[in-house]
Amino acid sequence: MISDIPVIGGNKQSTPLGVLYIVATPIGNLEDITFRAVRILKEVDLIAAEDTRHSRKLLSHFGISRSITSYFDHNKSLKGTFILEKLRQGLSVALISDAGTPCISDPGFQLVRDAVAEGIPVVPVPGPSAAIAALSAAGLPTDRFAFEGFLPNRQGKRREKLMSVKGDERVLVFYESPNRLTAALADLLDVLGDREVVIARELTKIYEEFIRGMLSQVLAQVNEREVRGEVVILVAPSSAPEAVDTPSVELLLAACLTGEGMSVKDAVKRVVLETGVPRSEVYAAALRIKK
């Protein structure tokens, strides 16, 4: 029987409802799992995993043989209902992701919110997190940071996102896939300017690596090699004041539309890429100019 009973009002309470455990699992090195996580996974009635095939390897390694079901973005509504019903019946459920802490740039938020809404206890079982691991060894200020998760895939949306955090005075933390790393770094350099950056990849694994330097230097290094493994990007705050003479959207549009004779569509596309301003705002400004 699981002994991790939530404490309410200072006293341990029994409840007919089950408990939802949010269990962190290793991001690479299997030795990083906690004793408590292994115990919880061995004792719960059901394990909800992002990828059951991936998680079965982890569970097998630690001799864990419990019922397992999938829970990921594309089935979270159906499986969320199934899991909540198990919890209502008094069964305990452990939510795990492929790696790291569930609900951090990972499925699970909706399930936790629904469980909380029904008064079902939700208990975190802390452990590995790629963002925190990268921060701890990056050598950047860690007193204040902003975790932004994965950057958008499309360049326009990605630049919009970067424009929105350009003035942030905290260390910026992003997740990125290796095949988009070069494009992401190029946009970071173009939008944020040449700042100190740290790339952390393959954390806790045999090929763990930190690439440090200015954005321009790191981009040049990455362009000359193949980067594999999931990546964490950490960007230092800007040390330079914001420029005050940046051309306005209207001036840029006017130059495109009248000076270069571009179509509204092409002008809007260029200005969105150059400024990061949302397309809807740029398009409205373009229509005003045309009128």
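Here is a walk through the chain, from its overall build to its cores and one surface residue.

What you're looking at is a predicted model, so let's start with how far to trust it. The mean pLDDT is 89, and 92% of the residues reach 70 or more. Two stretches fall out of that picture. Over residues 7–13 the pLDDT drops below 50, and beyond near neighbours in sequence that stretch has five contacts in the model. Residues 241–246 also sit below 50, with two contacts beyond near neighbours in sequence. Where pLDDT is low, the predicted coordinates shouldn't be read in detail.

Now zoom out. The chain is built from 11 helices and 12 strands, and its C-alpha trace spans about 75 × 45 × 40 Å along the principal axes. Of the 291 residues, 43% count as buried. If you take the contacts between residues at least 6 apart in sequence, 69% of them join residues at least 24 apart. On the outside, the accessible surface comes to about 15,600 Å², and carbon and sulfur atoms own 53% of it. As for charge, there are 35 positive and 36 negative side chains, and the centres of the two sets lie 5 Å apart.

Next, head inside. The largest nonpolar core has 23 residues, and the members touching the most others are Phe174, Leu181, Leu185, Leu188, Ile199, Ile233 and Val235. Which elements feed this core with at least two residues each? They are helices H6 (155–165), H7 (181–192) and H8 (215–223), along with strands E9 (171–176), E10 (196–201) and E12 (231–235). H7 gives the largest share, six residues.

Val235 makes a handy place to stand and look around. Setting aside neighbours within four places in sequence, Val235 is in contact with Leu140, then with Arg170, Val171, Leu172 and Phe174, with Leu188 and Leu192, and with Arg195, Glu196 and Val197. Phe174 and Leu188, from that set of partners, are also on the list of core members that touch the most others. Apart from this core lies another one, of 18 residues, including Val19, Leu41, Leu59 and Ala94.

Finally, back out to the surface. Ser164 lies in helix H6, one of the elements that supply the largest core. Is Ser164 itself buried or exposed? Its relative accessibility is 54%, and since anything over 50% is called exposed, Ser164 counts as exposed. For a sense of distance, pair Ser164 with Leu84: the two are 80 residues apart in sequence, and their C-alphas are 37 Å apart in space.

Definitions and conventions:
Residues numbered from 1 in each chain as written. Heavy atoms only, no water. Helix = DSSP H or I, 4+ residues; strand = E, 2+ residues; numbered from the N terminus. Buried < 20%, exposed > 50% of the residue type's maximum accessible area, 1.4 Å probe, protein only. Contact = heavy atoms within 4.5 Å. Areas by Shrake-Rupley, 256 points an atom, 1.4 Å probe, with all protein chains shown as cover. Lys, Arg positive; Asp, Glu negative; His and termini not counted. Charge placed at Lys NZ, Arg CZ, Asp CG, Glu CD. pLDDT = per-residue confidence, 0-100. Core = buried A, V, L, I, M, F, W, Y, C linked by side-chain atoms within 4.5 Å.
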